[in-house]
Amino acid sequence: MSATRLSRPVVTRFAPSPTGFLHIGGARTALFNWLYARHHGGRFLLRIEDTDQARSTQAAIDAILDGMRWLGLDWDGHEYYQSQFAVRHAEVANELLAKGRAYRCYMTQEELAEQRAAAQAERRPFKVNSVWRDCSPDAPTPDAPSVIRLKAPREGETAIEDQVQGRVVVQNEEIDDFVLLRSDGTPTYMLAVVVDDHDMGVTHVIRGDDHLNNAFRQLGIVKAMGWPEPVYAHVPLIHGSDGAKLSKRHGATGVESYRDELGMLPEALSNYLLRLGWGHGDEEIISRDDAVKWFDLDHVGRSPSRFDLKKLENLNGHYIREASDGRLAGLVGPRVGTLIGRPLDDRELGLLTRAMEGLKPRAKNLDEMAEGAAFLFKTVPLDMDERAAALLEGQASDLLALVHSRLAALPEWTAEATEGAVRGVSEDSGVKLGQVAQPLRAALTGRATSPGIFDVLALLGREESLARIADKMNSKEQ
């Protein structure tokens with residue numbers, strides 16, 4: 001159902017449970033809701049479903065809000081907290097009771113256990129069969145705890161025209177009389193989510209398809225209250241590379257891990273999540289503006305998507321190359337500081353900014369950039385990785401001595417001038433340029449890979465470059 005067929009503006013929502021980090025699947029759900037609302041000029045709301053007070057934590061709430069902001073998914077108005085509306089939830093449950101669409105049930109846990117055991121023995125789905133369902137309101141009741149159950153229809157069928165799954169039908173006899181209000185007066189999730197969606201004016205419920213079965217129960221409350229039915233869109237879950245539901249065994253599952261541990265940019269992760277289950281022709285690189293312009297529910301696939309970290313890394317590499325040098329330096333700087341054991345000062349951040357041009361082309365994440373830049377801020381003697389140490393064997397020390405002499409004699413220190421000097425050593429020594437450049441790279445950086453060697457010389461400057469070369473000229477003796 002498109003927005004043009006609605007009699008009211010589009011309102012979507014993201015309603016995470018604050019029992020942990022912002023899961024990557026939840027982030028995609030939030031993104032789809034945000035895009036749909038923005039595409040239609042509607043509103044996108046954020047509701048923290050914190051009714052499970054035993055498991056909800058402030059740290060988890062902070063992680064969710066932080067992850068949303070990092071991804072650029074701004075919500076309209078303040079965030080809502082479901083626990084604040086418990087009185088309203090109970091009010092609706094009692095209204096359903098007064099309408100005869102719900103009933104008080106005094107079944108004990110022992111009686112429920114007997115029914116459940118009987119269902120298992122007969123190999124049929126368990127469904128509550130309460131003697132209290134059809135009792136007269138005037139009938140005597142025991143002095144015992146009770147719950148309020150929805151009086152679900154027992155005949156006919158319930159159909160949902162899901163915007164992703166298509167038409168889905170469930171026979172009403174399969175829907176049980178589920179609990180709305182517990183014996184202690186607290187609302188269940190099933191009741192709270194429906195009441196909140198109605199009161200917040202939510203028109204479109206876009207969420208994971210693991211909630212599809214819940215939709216038929218929740219729709220029972222909507223119909224019993226005579227409220228407008230929302231448009232449902234149940235999106236297939238994200239699976240790991242092995243086809244199983246994405247979990248911790250597949251690696252990072254929280255948004256903050258992709259930012260803090262894997263060094264991803266928010267625009268790269270957003271672009272990747274957008275393409276997990278939705279597409280616009282053959283487009284792979286999709287800007288936020290184009291995503292808002294193009295997003296619809298018609299092109300959300302019905303099959304689960306497989307998370308591929310290599311594809312995300314390749315996409316992240318693209319956005320790294322597109323990012324400004326100053327922004328990248330600000331992101332990479334703290335990571336370099338961690339590697340060298342101290343924070344960078346303003347001068348060093350300026351040097352890091354100048355280094356970005358040489359670091360960006362081959363980097364796939366911020367950690368690679370930090371590792372590639374750390375050599376700039378170390379002091380002699382440099383630690384050597386295994387491959388770099390191997391490059392300093394053989395005639396390397398003799399070649400380094402020749403390079404040192406040529407570079408020391410340069411009247412000016414530019415990438416062009418240093419390149420001419422190094423090429424001159426190669427030609428005069430009768431060896432390929434790489435046989436000179438590789439040990440030179442090892443001496444200057446302690447690594448076998450780095451930005452272009454002449455860029456490295458320019459970044460380090462004359463004094464530091466010559467000191468590092470001199471330190472490794474006699475590597476056989478070290």
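**Exercise 1. Helix H8**

How many of the 10 residues of helix H8 (residues 266-275) are buried, and what does that say about the helix's surroundings?

*Solution.* Start with the kind of model: this one is predicted.
Step 1. Use the cut-off: a residue is buried under 20% relative accessible area.
Step 2. List the residues of H8 that are buried: Pro266, Ala268, Leu269, Ser270, Asn271, Tyr272, Leu273 and Leu274.
Step 3. Draw the conclusion. Eight of the 10 residues are buried, so H8 is largely enclosed by the rest of the structure.
Step 4. Look just past the helix. Gly277, just after H8, takes a positive phi of about 105 degrees.

**Exercise 2. A three-stranded sheet**

Find the order of the strands in the open sheet that holds E4, E5 and E8, and name the edge strands.

*Solution.* Step 1. Recall the principle: strands of a sheet pair through backbone hydrogen bonds, either parallel or antiparallel.
Step 2. Read the order, E4-E5-E8, with antiparallel pairing.
Step 3. Pick out the edges. Strand E4 (102-105) and strand E8 (179-181) each have a single partner strand, so one side of each is left without a neighbour in the sheet.
Step 4. Note the turn. Neighbouring strands here are turned by 45 degrees against each other on average, direction ignored.
Step 5. Inspect one pair. E4 and strand E5 (residues 147-150) run antiparallel and are joined by four bridges. Ala102 has Leu150 in E5 as its bridge partner.

**Exercise 3. Backbone exceptions**

Locate Arg123 and the cis peptide bond before Pro381, and describe the backbone at each.

*Solution.* Step 1. Set the expectation: most residues other than glycine have a negative phi, and most peptide bonds are trans.
Step 2. Check Arg123. Its phi is positive, about 55 degrees, although Arg123 is not a glycine.
Step 3. Place Arg123: it is found in the loop between helix H4 (109-121) and E5. Is Arg123 buried or exposed? Its relative accessible area is 80%, so it is exposed.
Step 4. Turn to Pro381. The peptide bond from Val380 to Pro381 is cis, with omega near 0 degrees. Pro381 lies in the loop between helix H13 (366-373) and helix H14 (386-391).

**Exercise 4. Two side-chain contacts**

For His204 and Thr158, give the strand, the burial and the polar contact partner.

*Solution.* Step 1. Place His204 in strand E9 (residues 204-208). Its relative accessible area is 0%, so His204 is buried.
Step 2. Find its partner. The side chain of His204 makes a polar contact with the side chain of Tyr36, at 3.3 Å.
Step 3. Place Thr158 in strand E6 (residues 157-162). Thr158 counts as buried too, at 7% relative accessibility.
Step 4. Find its partner. The side chains of Thr158 and Asn172 are joined by a polar contact of 2.6 Å.

**Exercise 5. The largest pocket**

Describe the largest pocket: its volume, its lining and the elements that supply the lining.

*Solution.* Step 1. Take the volume: about 1,000 Å³ of space lies in the largest pocket.
Step 2. Take the lining. There are 35 lining residues, and Ala15, Pro16, Ser17, Asp210 and His211 lie nearest the pocket's centre.
Step 3. Name the elements. Strand E1 (11-14), helix H1 (24-39) and E9 each give two or more residues to the lining.
Step 4. Which element gives the most? H1 does, with four residues.
Step 5. Sort the lining by class: 14 residues are nonpolar, 12 polar and nine charged.

Key. Residues are numbered from 1 along each chain as its sequence is written. This is a predicted model: local features need pLDDT of at least 70, side-chain atom pairs count only at pLDDT 80 or more; totals for chains, interfaces and linings use all residues. Side-chain values use heavy atoms; hydrogens and water are left out. Two strands pair if DSSP finds at least two bridges between them. Axes are lines fitted to C-alpha atoms, for helices over the stretch in contact, and angles run from 0 to 180 degrees between N-to-C directions. Buried means under 20% relative accessible area, exposed over 50%, partly exposed in between (1.4 Å probe, protein chains only). A polar contact is a pair of N or O atoms within 3.5 Å; within protein, one must be able to donate a hydrogen and the other to accept it, and residues adjacent in sequence count only if both atoms are side-chain atoms. On a 1 Å grid over the protein atoms alone, a cavity is a set of points where a 1.4 Å probe fits but cannot get out, and a pocket is an open set with protein on both sides within 12 Å along at least five of seven lines; lining residues have an atom within 4 Å of a point. Grid points are joined across faces, edges and corners, and a volume is the space filled by probe spheres set on the points. Ala, Val, Leu, Ile, Met, Phe, Trp, Tyr, Cys and Pro count as nonpolar, Asp, Glu, Lys and Arg as charged, and the others, Gly among them, as polar.
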